[in-house]
Protein chains: 4
Amino acid sequence: MTSAAPLARRAVAEAAGTAVLVAVVVGSGIQATALTSDVGLQLLANCLATVFGLAVLIALLGPVSGAHFNPAVSLAAWWHGRRDGTGPDLREVGVYSLAQTAGAIAGAVLADAMFAKPLVSWSTHHRSAGHLWLAEAVATAGLVLLIFGLGRTGRERFAPLAVAGWIGAAYWFTSSTSFANPAVTVGRMFSDTFAGIAPASAPGFIVAQLVGAAVGLALVTVVFGRRDGHRAATAAAPGEQELASSRH
Amino acid sequence: MTSAAPLARRAVAEAAGTAVLVAVVVGSGIQATALTSDVGLQLLANCLATVFGLAVLIALLGPVSGAHFNPAVSLAAWWHGRRDGTGPDLREVGVYSLAQTAGAIAGAVLADAMFAKPLVSWSTHHRSAGHLWLAEAVATAGLVLLIFGLGRTGRERFAPLAVAGWIGAAYWFTSSTSFANPAVTVGRMFSDTFAGIAPASAPGFIVAQLVGAAVGLALVTVVFGRRDGHRAATAAAPGEQELASSRH
Amino acid sequence: MTSAAPLARRAVAEAAGTAVLVAVVVGSGIQATALTSDVGLQLLANCLATVFGLAVLIALLGPVSGAHFNPAVSLAAWWHGRRDGTGPDLREVGVYSLAQTAGAIAGAVLADAMFAKPLVSWSTHHRSAGHLWLAEAVATAGLVLLIFGLGRTGRERFAPLAVAGWIGAAYWFTSSTSFANPAVTVGRMFSDTFAGIAPASAPGFIVAQLVGAAVGLALVTVVFGRRDGHRAATAAAPGEQELASSRH
Amino acid sequence: MTSAAPLARRAVAEAAGTAVLVAVVVGSGIQATALTSDVGLQLLANCLATVFGLAVLIALLGPVSGAHFNPAVSLAAWWHGRRDGTGPDLREVGVYSLAQTAGAIAGAVLADAMFAKPLVSWSTHHRSAGHLWLAEAVATAGLVLLIFGLGRTGRERFAPLAVAGWIGAAYWFTSSTSFANPAVTVGRMFSDTFAGIAPASAPGFIVAQLVGAAVGLALVTVVFGRRDGHRAATAAAPGEQELASSRH
């Protein structure tokens with residue numbers, strides 16, 4: 001990660017972005033449950049608010065810190081770029097993860113404050129079951145495949161809409177509503193509201209997410225082939241042209 | 001189909017993309033029916049999850065395999081490009097179709113697994129009637145017209161949003177909720193949930209889809225004119241400028 | 001309108017596009033009323049299907065015919081470009097309008113057919129009141145201001161999303177749910193369903209739309225200034241840069 | 001603000017844009033409450049109409065006036081650009097603010113007229129509490145950070161979708177449903193409907209918004225660093241490349 005912005009400023013961006021992301025997730029859940037008793041509509045509001053907010057945050061903060069907002073993504077970025085120095089080093093991953101986690105907690109507290117709830121109330125929403133862990137692994141694997149797959153074909157510019165779209169779909173098609181993010185999982189422990197997760201359920205989710213991230217990295221190689229070490233070359237590879245040629 | 005990625009890798013991309021697409025369609029249907037009893041809201045959730053997921057999958061996998069995820073589209077690509085070698089050959093269409101169908105079935109099973117349902121349960125959702133077949137033909141004709149029409153004016157880059165938008169509209173304006181895809185139709189037989197289709201109803205849908213694809217190819221010629229054999233020429237034709245617009 | 005595609009092919013594009021547009025509007029209304037009894041949700045489904053469909057149609061057919069799908073827009077295009085020959089002539093406006101109206105009627109019939117309704121049933125949905133006509137005038141004025149305003153600043157490439165977004169907003173913020181289109185108004189007379197309009201109410205709507213189009217053309221001049229005859233010059237004018245400079 | 005369009009025309013654009021924005025917010029609230037009794041669905045319709053309308057207005061009028069539609073943004077633009085002359089001067093801020101406020105009031109009256117309501121009826125919707133003011137400050141701070149942050153990385157072209165997305169998220173994740181705009185707050189006093197605000201509650205909202213704008217400006221510096229006086233330099237800084245993305 002040859003980065004222009006100093007690490008401190010990047011960490012601030014990661015913390016701020018993750019804070020707003022969790023505030024959106026938790027806050028919209030509170031608003032939705034206050035306004036309707038239809039749980040489907042509650043999830044729809046929660047989902048759309050997250051899609052809007054996440055796209056905006058990635059578009060805004062991507063140029064500063066890469067807009068990971070997610071320790072699983074930061075870790076995957078290290079692994080994916082470890083050979084050619086295009087990813088962060090492990091120290092940066094550590095700083096990012098701390099900033100993301102601190103931001104996530106702050107975001108949950110901020111959401112509670114905006115809705116005049118107790119600032120911290122441990123969630124009692126238990127989410128522990130094999131099918132939920134499978135869902136988290138699927139959601140995170142897809143997220144990692146998406147982020148690094150876009151990178152492999154030189155289309156990172158799609159990330160704001162694509163990542164938001166993926167999470168929007170995964171809200172519905174995974175049984176866990178797709179946390180897919182260890183820092184956000186921790187943050188969501190701190191609010192006993194719609195989007196919360198009981199602390200006892202968090203470790204299982206986080207393990208599943210990390211397993212999913214590893215699966216996602218493997219899928220990147222299976223679907224996009226081995227990296228030839230030189231990103232620019234990949235971006236200009238004929239594979240890109242093939243999309244065009246196969247569509248007319 | 002002069003393609004950079006080896007056929008095996010393209011087949012993996014088609015299988016993976018179709019699997020996730022069906023997992024999104026089936027899984028979001030399960031989630032929606034679990035959370036609300038309003039069928040309109042169920043379809044809205046199902047529709048939006050599909051729009052989000054489909055756009056992401058096309059954006060991600062288009063550069064690898066063309067992101068057909070649909071035997072009717074692969075077959076149409078062969079027909080449309082058969083004279084100037086810009087489409088797949090029939091062997092590639094066969095491989096694609098098998099990969100898409102296998103992926104679709106796997107996606108349905110994955111959705112069932114994520115929601116702790118029996119992995120396979122034949123759908124009992126009967127969908128057999130003339131007006132439904134008309135709807136499938138209309139939806140597939142529009143899909144084919146869209147994909148190859150965008151190609152004829154050199155705007156394949158719009159495909160992720162445009163194809164997703166078309167399916168999103170067709171969820172509502174067709175009585176069949178727009179399957180428009182033989183592989184997805186097969187996959188949806190494997191889950192006795194909201195988005196399922198009874199095996200006995202599948203052949204009728206698939207025939208209607210193939211008829212629709214043929215109609216769509218005819219419409220491409222009617223609306224966009226005969227191909228002059230040379231794609232670059234078409235893309236640069238003055239017709240493009242007449243939009244008064246798109247390229248300034 | 002110096003156009004590459006022959007007028008006949010452009011007329012086919014206008015007819016097909018308007019047909020699908022009306023099929024989307026009418027069909028999604030039928031589907032929505034069949035699935036939910038919440039009228040707010042019915043309008044939401046109707047609105048989103050229209051937004052998706054309209055954006056796709058403009059993106060697809062813009063390069064062929066300009067994607068007006070609307071006699072009020074075709075007429076405004078003639079007026080706006082009458083001095084420097086950038087718009088259609090009146091004969092083309094006539095052909096377009098006929099094609100649009102025929103397409104609109106066909107689209108309503110197609111929607112009825114897809115839902116196994118009588119192919120033609122005159123709508124009994126009365127929509128006659130001063131505040132509804134005001135709403136139609138506002139919706140159409142905004143539509144015309146949008147289309148030609150984007151053209152005046154060389155940003156016609158935004159038209160698919162912008163026009164769809166405008167109609168999506170106007171579904172809700174106008175009391176008439178924004179027909180904003182004489183051809184679509186005629187088409188919607190032919191289906192006695194959610195989106196229909198009683199024939200007796202149509203003339204009032206159409207007059208209001210034409211008044212709105214005239215107001216919209218006046219607003220183009222008020223907001224974007226007089227044309228300096230030469231479009232390229234306008235597009236490169238410093239006004240474009242000002243957006244940038246006022247935002248950082 | 002080195003501007004091409006004369007100030008009068010820019011003021012018209014600001015007035016018209018803010019008028020339509022408030023008409024969308026107020027009108028969609030009236031429509032939604034007329035069609036459904038589910039308050040969650042009412043807010044969803046209100047939110048989506050605003051997202052659509054706001055994106056369109058910024059895309060259309062940005063090149064003319066900068067598309068602020070918001071005195072807090074105009075004031076922030078003056079502060080942010082005060083040293084290098086890239087922002088408006090205080091006289092322009094005054095003219096803009098008057099135009100925006102007049103437009104906002106006109107928009108509320110227009111919405112009432114379109115729905116056959118009394119043209120002016122003071123809202124009785126009381127919104128006065130510390131947590132609501134916190135929400136307004138958060139929403140406005142985020143808005144200012146977004147607008148000027150995009151500017152600092154040369155991505156103002158994202159503003160239409162990004163600003164609309166931010167407001168769309170903030171409708172749900174803030175307890176105040178994110179007015180985030182002093183002119184719109186004044187306009188919403190004039191309609192005793194879903195989106196209204198009692199005049200007595202307006203001053204608290206406006207103060208919170210101005211505090212939020214100041215916080216947002218501070219965050220711009222914290223997250224994006226000090227301006228190095230020269231915009232082109234910033235836009236080309238390596239930080240942009242670090243997104244690993246956006247410009248390939």
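The exercises below, each with a worked solution, concern a predicted model.

**Exercise 1. Chain arrangement**

Determine which rotation superposes chain B on chain A, and what kind of axis relates the two copies.

Solution.
- Chain B is superposed on chain A by a rotation of 90 degrees, with 0.0 Å of shift along the axis and an RMSD of 0.0 Å.
- The two copies are thus related as by a four-fold rotation axis.
- Within chain B, L41(B) has the C-alpha nearest that axis, at 5.2 Å from it.
- Of the interface residues of chain B, only 7% are also interface residues in chain A, so the copies meet through different surfaces.
- Chain A and chain C are joined by no contact, and their closest C-alpha atoms lie 10 Å apart.
- Chain B and chain D do not touch either, with their nearest C-alpha atoms 10 Å apart.

**Exercise 2. Cysteines**

State how many disulfides a search over all chains finds, then examine C47(A) and C47(C).

Solution.
- The search of the whole structure gives zero disulfides.
- For C47(A), the nearest cysteine sulfur belongs to C47(D) and is 12 Å away.
- For C47(C), the closest cysteine sulfur is in C47(B), at 12 Å, which is too far for a bond.
- The cut-off needed here is 2.5 Å between the sulfur atoms.
- C47(A) counts as buried because its relative accessibility is 1%.
- C47(C) counts as buried as well, at 2% relative accessibility.

**Exercise 3. A helix pair between chains C and D**

Classify the crossing of helix 8 of chain C and helix 1 of chain D, and list the residues that make the contact.

Solution.
- Helix 8 of chain C covers residues 202-224, and helix 1 of chain D covers residues 7-35.
- Their axes come within 8 Å and cross at roughly 130 degrees.
- The two helices are therefore oblique to each other.
- Helix 8 of chain C contributes V222(C), V223(C) and F224(C) to the contact, while helix 1 of chain D contributes R9(D), V12(D) and A13(D).
- By type, these residues are five nonpolar, no polar and one charged.

**Exercise 4. The surroundings of V12(B)**

Locate V12(B), decide whether this residue is buried, partly exposed or exposed, and name the residues it touches.

Solution.
- V12(B) is placed in helix 1 of chain B, residues 7-35.
- Its relative accessible area is 33%, so V12(B) is partly exposed.
- Leaving out residues up to four places away in sequence, V12(B) touches V222(A) and V223(A).
- Q100(B) is 88 residues from V12(B) in sequence, and the C-alpha atoms of the two are 9.0 Å apart in space.

Technical notes:
Residues numbered from 1 in each chain as written. Chains lettered and ligands numbered in written order. Predicted model: local features only at pLDDT ≥ 70, side-chain atom pairs only at ≥ 80, totals over all residues. Heavy atoms only, no water. Contact = heavy atoms within 4.5 Å. Buried < 20%, exposed > 50% of the residue type's maximum accessible area, 1.4 Å probe, protein only. Least-squares fit on C-alpha atoms with pLDDT ≥ 70 in both. Axes fitted to C-alpha atoms, helices over the stretch in contact; angles between N-to-C directions. Helix = DSSP H or I, 4+ residues; strand = E, 2+ residues; numbered from the N terminus. Parallel < 35°, antiparallel > 145°, perpendicular 65-115°, else oblique. Nonpolar A, V, L, I, M, F, W, Y, C, P; charged D, E, K, R; others polar.
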